[in-house]
Amino acid sequence: MVKKCELKTVLTIAGSDSSGGAGIQADLKTMLASGVYGMSAITALTAQNTTGVTAVVRTAPEMLAAQLDSIFTDIFPDAVKTGMVFDSELIEVIAAKIKHYQAKNIVVDPVMVATSGARLLNKDAISALQKELLPLATVITPNLMEAEVLAAMEIKSHEDMLQAAQKLYETYGCNVLCKGGHRHLDADDLLYTADGPLWLKGEHIANPNTHGTGCTLSSAIASNLAKGQDLTTAVKNAKAYITGALQAGLNLGHGAGPLHHGWAI
């Protein structure tokens, strides 16, 4: 007789990365490594590798809606992570479904630009992201460049990070993880919650292969929330996971390569 196995479930709503380093593929690898069952709703197909994105085709809004209905009405997710949401029409679909199904543990990675520099969110969709999706989030995970756009300010220091995170927290009513990985002096992240700011110290790892770090971190956080961890613990454990994935030193491709998502398995 086969023993029944139950896993917590996580849904990723994001774009597909044909090279497997970011997007849906990175999310599902992270979820598997985190011990949860991953599901996906694809917002766009991309042709990309470690050197850049060469083509993007978005999913039709009605197809995205159908994917979400199929998931929520059968295997209800314990957490949801959003990544590349591409345009305002898709954002409206995602927000409507999250509200309709009363989904919990929503991690929003406000993906705007790929590591290679390719735009993954239309400029005219930023306002829809701010209005429709961010207020639904349990936590948002902007990098410094994304935080600058969302908070409408420059971020050059720890003090700026604190000001931006507080502004985002007060504006959208969600917890904020402002990621400092793009800083040259350190890789300190700032988690801002109702308890105030919490600095999570980090050092730069000498590894140029950072493709998909944002996707990986947000998926790890969602996985940890699904397993019942409180937000601070979920973020700390996700940060430890991505540090290990970078330290593993996987070296693939001719550009900014992917992480070793299975380093801890």
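The paragraphs below lead through a predicted model, from its sheet to its helices and then to its loops.

The sheet offers a convenient starting point. Nine strands make up an open sheet, and their order across it is β3-β2-β1-β4-β5-β6-β7-β8-β9, with mixed pairing. Two of these strands, β3 (52–58) and β9 (196–200), are the edge strands, since each pairs on one side only. In general, the strands of a sheet pair through backbone hydrogen bonds, in either a parallel or an antiparallel manner.

Each edge may now be considered in turn. At the edge formed by β3, the neighbouring strand is β2, and the two pair in the antiparallel sense over 6 bridges. Together β2 and β3 form a hairpin, with 2 residues between them. Within this pairing, Ala44 stands opposite Arg58 in β3. At the other edge, strand β8 (residues 189–193) is joined to β9 by 5 bridges, and these strands also run antiparallel. Here Asp189 stands opposite Leu200 in β9.

Strand β2 (residues 37–49) also contains Tyr37, which leads to the surface of the model. Tyr37 counts as partly exposed because its relative accessibility is 41%, a value that lies between the limits of 20% for buried and 50% for exposed residues. With Leu7 and Ile75, Tyr37 forms a nonpolar patch on the surface, and the three residues together have about 270 Å² of accessible area.

The aromatic side chains come next. Across the whole structure, a search finds 4 aromatic pairs. One of them consists of Phe72 and Tyr101: the ring centres are 4.8 Å apart and the planes meet at 10°, so the pair is stacked. Phe72 belongs to helix α2 (residues 61–72) and Tyr101 to helix α3 (residues 88–101), so the pair ties together parts that are 29 residues apart in sequence. Are these two residues buried or exposed? Phe72 counts as buried because its relative accessibility is 4%. Tyr101, with a relative accessible area of 17%, is buried as well. Ring pairs also bring in Phe76, so that Phe72, Phe76 and Tyr101 are linked into a cluster.

Another helix to examine is α7 (residues 213–226). Helix α7 has 14 residues and reaches 20 Å from its first C-alpha to its last, close to the 20 Å expected at 1.5 Å a residue. Of these 14 residues, 13 are buried, so α7 is largely enclosed by the rest of the structure. Just after α7, Gly228 takes a positive phi of about 95°.

The final topic is the backbone angle phi in residues other than glycine. Most residues other than glycine have a negative phi. Which value does Phe86 take? Phi of Phe86 is near 70°, a positive value. Phe86 is placed in the loop between β4 (79–82) and α3, and its relative accessible area of 14% means that Phe86 is buried. Ala152 likewise has a positive phi, near 55°. Ala152 is found in the loop between α5 (144–151) and α6 (158–172). With a relative accessibility of 64%, Ala152 counts as exposed. Thus, of these two loop residues, Phe86 is buried, whereas Ala152 is exposed.

Note on methods
Residues numbered from 1 in each chain as written. Predicted model: local features only at pLDDT ≥ 70, side-chain atom pairs only at ≥ 80, totals over all residues. Heavy atoms only, no water. Helix = DSSP H or I, 4+ residues; strand = E, 2+ residues; numbered from the N terminus. Expected span 1.5 Å × (residues − 1). Buried < 20%, exposed > 50% of the residue type's maximum accessible area, 1.4 Å probe, protein only. Patch = residues over 30% accessible without salt bridge, like charges linked within 9 Å, V, L, I, M, F, W, Y side chains within 5 Å. Areas by Shrake-Rupley, 256 points an atom, 1.4 Å probe, with all protein chains shown as cover. Salt bridge = Lys/Arg side-chain N within 4 Å of Asp/Glu carboxyl O. Pairing = 2+ DSSP bridges. Phe/Tyr/Trp six-rings, centres within 6.5 Å; stacked < 30°, edge-to-face > 60°.
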